[in-house]
Amino acid sequence: MLLYIKLCQYLHKKELVMIKIEKVHHVAYRCKDAKETVQWYKDKLNMDLVLAIAEDEVPSTKAPDPYMHIFLDAGMGNVLAFFELPNSDDMDRDQNTPAWVQHLALKVADVDALVAAKNSLVENGVDVLGPVHHGVFKSIYFFDPSGHRLELAADIGTSEQYQQLNEVAHAMIDEWAITKRAPKHAAWLHDHD
Ligand SMILES: [Fe+2]
């Protein structure tokens with residue numbers, strides 16, 4: 001019996017191994033056209049194609065369903081990936097979620113780089129919103145050819161401000177869970193205009 005308890009304690013301990021996520025390995029979205037996507041991200045955002053993986057059948061089911069999976073360099077070892085699935089119905093977005101909600105934000109060095117990026121995108125025919133001031137960072141927004149909303153963001157906050165936000169984050173979530181109204185712990189974020 002004692003041995004059994006010891007074994008249970010040992011196994012239980014094993015389950016409590018702390019997971020440590022190192023970084024985002026890649027994020028994957030669907031795209032309308034892989035070649036167009038590779039070209040657009042290179043032309044507009046200077047992001048290189050890292051690798052492409054393609055098969056004519058689904059690995060698990062062996063169903064004939066060709067796909068192209070492309071991986072783009074998003075800087076610092078971050079990877080943005082897409083799938084083109086020519087045999088599936090046309091892609092669409094979640095109609096119950098406003099268009100501004102689901103997006104991918106990419107970081108640029110500073111506000112000068114953000115403004116320069118906006119000018120370059122506009123010159124390249126991209127419709128750009130912003131810069132929008134979010135208190136501790138500024139952002140511009142636009143859409144890729146598949147309709148994914150992209151954000152470029154430049155941090156402007158001080159380390160004290162980020163620390164302050166971190167300290168109130170849990171309290172804000174707890175209040176929101178009850179009221180479903182914006183908590184005021186970090187109202188100073190919106191005092192910049
Ligand atoms: Fe964002």
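Okay, one definition before we start: two strands pair if DSSP finds at least two bridges between them. With that in hand, look at β5 and β8: five bridges join them, and the two strands run parallel. Keep in mind that this is a predicted model.

Let's build out from that pair. β5 and β8 belong to an open sheet of four strands, and the order across it is β5-β8-β7-β6, with mixed pairing. So which strands sit at the edges? They're β5, residues 103-107, and β6, residues 129-133, and each of those pairs on one side only. Going from one strand to the next, the twist averages 25°. If you want a spot to find on screen, go to Leu106, which stands opposite Leu152 in β8.

Now the helices. Helix α2, residues 34-45, packs on the sheet and touches β5, β7 and β8. The direction of α2 makes about 30° with that of β8. Then there's helix α3, residues 111-123, lying across β6, β7 and β8 and running at about 20° to β7.

On to helix α4, residues 159-179. What span should we expect from its 21 residues? At 1.5 Å a residue, it should be 30 Å, and the end C-alpha atoms are indeed 30 Å apart, so the two agree. There's also a bend in α4, of about 40°, at Ala169. Right after the helix comes Lys180, with a positive phi near 55°.

Let me finish with two loop residues. The first is Ser146, in the loop between β7, residues 137-143, and β8, residues 149-155. Is Ser146 buried or exposed? Its relative accessible area is 8%, and the cut-off for buried is under 20%, so Ser146 counts as buried. As for its neighbours, leaving out residues up to four places away in sequence, Ser146 touches Arg30, Cys31, Lys32, Thr37 and Met91. With Lys32 there's a polar detail too: the Ser146 side chain reaches the Lys32 backbone nitrogen at 2.9 Å.

The other one is Asp92, which you'll find in the loop between β4, residues 79-84, and β5. Here the relative accessibility is 60%, and exposed means over 50%, so Asp92 counts as exposed. Its side chain makes a polar contact of 3.0 Å with the side chain of Gln95. And Lys32 turns up again: Asp92 and Lys32 are 60 residues apart along the chain, with their C-alpha atoms separated by 9.9 Å.

That's my tour, thanks.

Conventions. Residues numbered from 1 in each chain as written. Predicted model: local features only at pLDDT ≥ 70, side-chain atom pairs only at ≥ 80, totals over all residues. Heavy atoms only, no water. Buried < 20%, exposed > 50% of the residue type's maximum accessible area, 1.4 Å probe, protein only. Polar contact = N/O pair within 3.5 Å; in protein donor to acceptor, adjacent residues only side chain to side chain. Contact = heavy atoms within 4.5 Å. Axes fitted to C-alpha atoms, helices over the stretch in contact; angles between N-to-C directions. Expected span 1.5 Å × (residues − 1). Bend = angle between axes of the 7 residues up to and from the residue.
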